[in-house]
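User: I would like to go through this protein chain step by step, with the terms spelled out as they come up.

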Amino acid sequence: MKIRYRVDAEDRMVEVGGEWETFAAANGVPELTGERLRGRALTSFVSGTEMQSLTAMLLKRARAAGAVEVPFRCDAPGERRFLSMSLRRDADDGVAIETTLLRREPRPPVALWDDRLPRRDDLLVVCSWCKRTRLDVRWVEVEEAVEALGLFDAPSLPQVSHGICPPCRARFFA
Ligand SMILES: [Zn+2]
C-alpha cells in the first residue's frame, strides 16, 4: 500500500492520492477524505508539539537536501507495520511525500495500543518513529515493556504519550 500527498511552500496539504482513503478507513478515520484535507496544515494531523516540530524539520531537510527517506513503524494492536516515508522537494518549494507499507508481522494483540480501553493517570512514552517504549532509561519493544510493567492483566492501562527515542533523534533529526 502506498499513500501520496503533497504540501505547498507553507506546509499545507494540496494533493492527496494513492490509497489514502483506504488507509484512513483502516485507521478508523474514514471521514478524513482527500477533499477534507486539502488546504489544512500538515502539522495539524500530527499529535504533540515535539512531533509537530520534528515533522517541520523533516520538511525543511527535504527542501534543503532534495530528498529524505525515513523508515518508521505504524503498528496496530495485533500487527507490527514497517513503513517508509520519502520526502522529495517539488515545484514551487512544495514537498511530495510518499509513504509505503513495506511489511506487516502479525502478533498477539497489544492492549496498550487499543484506544478504546480504560486509562489511568500515569504516562508511558512511546517513540513515534520506531514504536519503542521508554522503560526507565531504556527504550524497548512494547512487548517487553508490557511484561516488565505487568500490564497483561492490569485493570487499566497507562496513557500513551508520543515522543522520540535518542537513536531515532540522532539518526533522523541530528
Ligand atoms: Zn525511536
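The questions below go from the whole chain to its domains and then to one residue.

Analyst: This is a predicted model, in which local features need pLDDT of at least 70 and side-chain atom pairs count only at pLDDT 80 or more, while totals for chains, interfaces and linings use all residues. Residues are numbered from 1 along each chain as its sequence is written.

User: What pattern of helices and strands does the protein chain follow along the sequence?

Analyst: Helices (H or I, at least four residues) and strands (E, at least two) are taken as DSSP runs and numbered from the N terminus. On that basis the protein chain has five helices and nine strands. Read along the sequence, the pattern is β-β-α-α-α-β-β-β-β-β-β-α-β-α.

User: Why does the protein chain count as compact as a globular protein of that length, and what is its radius of gyration?

Analyst: The radius of gyration is taken over C-alpha atoms, and the globule rule is 2.2 Å times the number of residues to the power 0.38. For 174 residues that rule gives 16 Å, and the value for the protein chain is close to this, so the chain is as compact as a globular protein of that length, with a radius of gyration of 17 Å.

User: Into which domains is the protein chain divided, and what distance separates their centres?

Analyst: The bounds come from an automatic or database domain assignment, which divides the protein chain into domain 1 (2–107) and domain 2 (111–166). Taken over C-alpha atoms, the centres of domain 1 and domain 2 are separated by 24 Å.

User: Which element gives the most residues to the side of domain 1 that touches domain 2?

Analyst: Two residues are in contact if their C-beta atoms, placed from the backbone, lie within 7 Å, and the contact between the domains takes 10 residues from domain 1 and 10 residues from domain 2. On the side of domain 1, the elements that give two or more residues are α3 (49–65) and β3 (67–73). The one that gives the most, with three residues, is α3.

User: Is histidine 162 buried, exposed or partly exposed?

Analyst: Histidine 162 lies in strand β9 (residues 157–163), and, leaving aside residues up to four places away in sequence, it touches Ser47, Gly48, Met51, Val126 and Ser128. A residue is buried if 20 or more other C-beta atoms, placed from the backbone, lie within 10 Å of its own, exposed if 12 or fewer, and partly exposed in between. Because histidine 162 has 15 C-beta neighbours inside 10 Å, it counts as partly exposed.
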